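Let's take a walk through this structure together, one region at a time. Have the sequence and the 3D view at hand, and follow along as the names come up.

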Amino acid sequence: MPISQFPSEGSDFIREIIRADLAAGKHRTVITRFPPEPNGYLHIGHAKAICLNFTLAQEFGGRCHLRYDDTNPTKEEQEYIEAIERDVRWLGFDWGQHLYFASDYFEQMYQWAEQLILKGQAYVCDCTPDEVREKRGTLTEPGIPCEHRQRSVEENLNLFRRMRAGEFPDGSRVLRAKIDMASGNINMRDPVMYRILHAPHPHAGDAWCIYPMYDYAHPLEDAIEGITHSICTLEFEDHRPLYDWFIDQLELPEPHPQQIEFARLNLTYTVMSKRRLLELVQEGFVRGWDDPRMPTIAGLRRRGVPPEAIRLFAERIGVAKRNSVVDVQLFEHCVREVLNRTAPRRFAVLDPVKLVITNYPEGQVEWFSVPNNPEDPAAGQRQLPFTRELWVEREDVRAYPLPKYFRLYPGNEVRLRGAYLVTCREVLTDDTGQVVEVRGEIDPQSRGGQAPDGRRVKATLHWLAVGHGVEAEVRLYDYLFAKPDPDDVPAGRTWRDNLNPNSLTVRPHAQVEPALAQAAVGERFQFERLGYFAVDPDSTPQRPVFNRIVTLKDEWAKVAKTLTPSARS
RNA sequence: UGGGGCGUCGGCAAAUUGGUAAGCCACGGGACUUUGGAUCCCGCAUGUGCAGGUUCGAGUCCUGCCGCCCCAGCCA
């Protein structure tokens with residue numbers, strides 16, 4: 001098979017290995033797998049692995065299996081099984097008929113274990129967990145064999161069968177591979193293959209009371225399914241000799257699956273470990289697994305992130321063996337890139353302040369045509385009403401100007417997008433200095449937003465006619481953590497001390513275009529000048545609720561940051 | 001002081017396997033602009049952890065250091 005039929009770009013060490021294997025005739029096809037344990041929700045780190053495995057299969061004309069690595073019933077639940085399928089499908093991948101459960105292979109694995117016992121390569125050990133640990137040695141000292149190591153084949157077989165029969169309590173015995181107690185690789189010091197667990201299994205029910213360990217089960221699962229390239233994360237590098245050992249000793253058919261390790265994803269301003277995410281959920285730091293601030297697939301989906309953006313991100317970060325931390329801004333960039341060309345534009349005023357056009361007749365309504373997406377003329381236009389009283393953004397008004405501030409302040413002229421040029425005449429404030437109303441005059445000659453004399457204004461504002469909008473709740477999200485590295489804490493403090501107290505800000509009285517009340521859950525829009533937003537499941541036609549997916553890039557925010565804090569207030 | 005990995009721009013990450021350091025994000029500057037958005041230009045590693053060596057030529061090869069990550073679950 002000519003390898004030239006396969007894409008040569010997207011070069012990374014895994015694709016290089018695959019191309020070489022194909023060229024050498026080791027494999028005729030490429031079969032990968034995504035093997036989650038159903039003990040938690042998938043997060044964006046898993047998404048990297050999912051994208052890698054599925055796109056590799058696509059690129060090389062093979063296939064990718066979805067397989068639950070469900071070998072530990074004490075931690076796994078049906079809820080997670082369902083969530084995982086939903087998430088992988090939502091990401092845009094299809095495993096076809098190839099949905100598997102490791103637990104469906106338990107009988108075969110058991111038979112192979114007996115075979116290993118028969119060959120004298122596995123034995124039943126009666127040591128307590130503590131004894132096993134003590135005899136395993138340390139990183140620098142070899143382990144020592146226990147007395148069970150030289151049991152006869154007959155006794156091992158008998159004991160192992162009785163383990164399966166349920167004759168022994170949890171923790172009383174294990175089946176171990178007989179390899180090398182003195183190996184420098186601790187994984188090879190007679191690793192446990194089976195433990196006794198009298199626990200019902202979410203998929204296998206109560207068929208078993210002994211369960212295989214990952215190290216024994218995984219290579220067999222891969223071999224059974226004909227996996228060619230078994231891709232996992234770096235921490236399994238030490239386990240590869242074991243992975244190969246089981247397959248070799250069992251003399252499973254060639255070609256054997258090959259384990260390849262890559263670096264897991266880390267992102268700034270967030271945590272990725274299942275343990276920590278579970279903690280955030282269980283202790284109420286977030287509202288659930290699908291809280292829009294969570295890096296879970298469910299959270300990103302609820303937030304409004306399009307699956308294309310996640311796939312694009314996975315492609316942009318690449319694949320390598322070096323531990324790294326990806327700047328979350330790269331992720332945001334991918335989200336914007338997708339949304340900029342796909343999201344319809346709308347006007348929404350998050351923190352409304354009334355602008356009165358003093359030279360515009362009361363009761364008059366004019367309709368202006370505004371483009372739905374300047375990036376996509378085919379998206380068409382929509383009509384927006386204009387009246388004497390308008391809502392504008394509080395951030396767009398100041399009683400006194402600031403350097404480089406181009407918006408509304410007395411004497412300054414700006415454009416009301418798609419409508420008129422307006423000059424600010426007066427900014428009314430209360431005794432706390434809070435702006436309560438703005439007054440201005442339009443240039444009647446600037447209908448549509450352009451002055452006949454060609455003069456320019458430096459700012460264009462979004463607006464909504466008072467009485468023609470719908471009130472909405474808008475939820476603004478910021479990073480979950482206040483520091484790029486949540487573990488960056490003084491001695492005695494923990495990552496939890498770095499949680500960002502301002503990760504959620506609610507705007508309960510935002511004004512939006514009326515049609516937005518009809519938008520479906522999950523629909524995405526760009527609120528002009530503000531960012532991209534999606535309809536939250538909490539939304540009702542009476543009270544629409546929007547999540548901010550990501551802000552637009554904001555030059556003014558950068559400028560404002562350079563001004564003194566007092567000047568910004 | 002065991003074993004396994006990894007060190008290329010602020011962050012990711014390439015380099016036809018020895019042929020003279022891509023690209024993306026971020027950042028800075030400019031153009032354009034009815035979103036301070038988008039788009040477009042320009043800049044951004046005399047240098048690849050350090051020190052030697054081989055070579056006409058080294059990020060790629062050799063030697064020696066240094067640093068970081070992972071492993072002592074009957075978790076995956």
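**A guided walk**

Our starting point is Asn156, which is buried, with a relative accessible area of just 3%. Keep in mind that what you're looking at is a predicted model. You'll find Asn156 in helix α6, which covers residues 153-164. Which residues does Asn156 touch, if we skip its neighbours within four places in sequence? They are Ile117, Ala122, Tyr123, Val124 and Arg151.

Another buried residue sits in helix α1, the stretch of residues 13-23: that's Arg15. Its relative accessibility is 9%, and because the cut-off for buried is under 20%, Arg15 counts as buried. Now look for Leu312, which is 297 residues away from Arg15 along the chain. In space, the C-alpha atoms of Arg15 and Leu312 are 18 Å apart.

Next, a pair of helices. Helix α7 (residues 214-225) packs with helix α8 (residues 240-249), and their axes are 9 Å apart at an angle of about 60°. The two helices are therefore oblique to each other. As for handedness, α7 passes α8 in a right-handed crossing. By class, six nonpolar, one polar and two charged residues make up this contact of α7 with α8. On the α7 side you can pick out Asp215, Tyr216, His218, Pro219 and Asp222, and they meet Leu242, Tyr243, Phe246 and Ile247 in α8.

Time for the sheets. One of them is an open sheet of seven strands with mixed pairing, and its order is β10-β23-β24-β25-β21-β22-β11. Its edge strands are β10 (345-346) and β11 (348-349), each of which pairs on one side only. Inside this sheet, β23 (residues 524-527) and β24 (residues 531-535) are paired in the antiparallel sense, with four bridges between them. If you look at Phe527, its bridge partner in β24 is Gly531. A helix belongs in this picture too: α12 (residues 328-342) lies across β10, β23, β24 and β25 (545-551). Relative to β25, helix α12 runs at about 115°.

Two strands of that sheet, β21 (470-477) and β22 (504-512), have a loop between them, and that loop holds Asn498. Is Asn498 buried or exposed? Asn498 is buried, with a relative accessible area of 7%. Beyond its neighbours within four places in sequence, Asn498 is in contact with several residues, among them Leu480, Phe481, Lys483 and Asp485. Pro486, Asp488 and Val489 are also among its contacts.

There's another open sheet of seven strands, again with mixed pairing, and here the order is β19-β16-β17-β18-β12-β15-β20. At its edges are β19 (460-461) and β20 (464-465), each pairing on one side only. Start from the β19 edge: β16 (residues 413-416) and β19 run parallel and are joined by two bridges. Leu416 has Leu461 in β19 as its bridge partner.

On to β17 (residues 421-429), which pairs with β16 in the antiparallel sense over three bridges. One of the partnerships here links Arg415 to Leu421 in β17. The hairpin of β16 and β17 has four residues between the strands, and in it Gly418 takes a positive phi near 80°. While you have these strands in view, follow the side chains along one of them. In a regular strand the side chains alternate between the two faces of the sheet.

Notes
Residues numbered from 1 in each chain as written. Chains lettered and ligands numbered in written order. Predicted model: local features only at pLDDT ≥ 70, side-chain atom pairs only at ≥ 80, totals over all residues. Heavy atoms only, no water. Pairing = 2+ DSSP bridges. Buried < 20%, exposed > 50% of the residue type's maximum accessible area, 1.4 Å probe, protein only. Contact = heavy atoms within 4.5 Å. Axes fitted to C-alpha atoms, helices over the stretch in contact; angles between N-to-C directions. Parallel < 35°, antiparallel > 145°, perpendicular 65-115°, else oblique. Left-handed = near helix turned anticlockwise from the far one by under 90°. Nonpolar A, V, L, I, M, F, W, Y, C, P; charged D, E, K, R; others polar.
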